[in-house]
Amino acid sequence: VQLQASGGGLVQAGGSLRLSCAASGTIRNIYDMGWYRQSPGKQRELVALIPSTGSTRYVTSVTGRFTISKDNDKNTVNLQMNSLKPEDTAVYYCSMTIQARFGEQPRDYWGQGTLVTVSS
């Protein structure tokens, strides 16, 4: 299983970006799907999560500005980021909890990270 993230880049404050992450390989079930980010000198934090059960969750700082969505047919999770702020600058990572084959325990997989830079 591999996760491929795309969509990062440089944008001015107030602008928008859309991140996408596609899972490929042998996949039986996908459970949680989420986006995390890490800024220099800081710990990786959860930005948004679509759990397999329950409600979508967002870190408080992005609520109302970011929207996470998924496409089950394409094994894809997206993050629409609007009204971006300089403090959103970070490397963004996608993550999915995937059961690859019948009988296997689900495990977490990570994308390679995509850099989002928001200039003031």
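These notebook entries record what I looked up in the structure, first for the whole protein and then for one residue.

**Entry 1: the model.** I noted at the outset that the model is predicted.

**Entry 2: secondary structure.** I looked up the helices and strands, and I found zero helices and 11 strands. Read along the sequence, the pattern is β-β-β-β-β-β-β-β-β-β-β. I then checked the radius of gyration, which is 14 Å; the globule rule gives 14 Å for 120 residues, so the protein is as compact as a globular protein of that length.

**Entry 3: extent and contacts.** Along the principal axes, I recorded a box of roughly 50 × 25 × 25 Å for the C-alpha atoms. I also looked at contacts between residues at least 6 apart in sequence, and 56% of these join residues at least 24 apart.

**Entry 4: surface and charge.** I found that 38% of the 120 residues count as buried. The exposed area is about 6600 Å², and carbon and sulfur atoms supply 45% of it. For the 12 positive and 8 negative charges, I noted that their mean positions are 1 Å apart.

**Entry 5: Asn-78.** I turned to a single residue and located Asn-78 in strand E8, which covers residues 76–81. Is Asn-78 buried or exposed? Its relative accessible area is 9%, so Asn-78 is buried, the cut-off being under 20%. Leaving aside neighbours within four places in sequence, I listed the contacts of Asn-78: Arg-18, Leu-19, Ser-20, Trp-35, Thr-67, Ile-68 and Ser-69. With Ser-20, the side chain of Asn-78 also forms a side-chain to side-chain polar contact of 2.9 Å.

Notes: Residues are numbered from 1 along each chain as its sequence is written. This is a predicted model: local features need pLDDT of at least 70, side-chain atom pairs count only at pLDDT 80 or more; totals for chains, interfaces and linings use all residues. Side-chain values use heavy atoms; hydrogens and water are left out. Helices (H or I, at least four residues) and strands (E, at least two) are DSSP runs, numbered from the N terminus. Buried means under 20% relative accessible area, exposed over 50%, partly exposed in between (1.4 Å probe, protein chains only). A polar contact is a pair of N or O atoms within 3.5 Å; within protein, one must be able to donate a hydrogen and the other to accept it, and residues adjacent in sequence count only if both atoms are side-chain atoms. Contact means heavy atoms within 4.5 Å. The radius of gyration is taken over C-alpha atoms; the globule rule is 2.2 Å times the number of residues to the power 0.38. Accessible areas come from the Shrake-Rupley method with a 1.4 Å probe; for residues, only the protein chains shown count as cover. Lys and Arg count as positive and Asp and Glu as negative; His and the chain ends are not counted. The place of a charge is taken as NZ of Lys, CZ of Arg, CG of Asp or CD of Glu.
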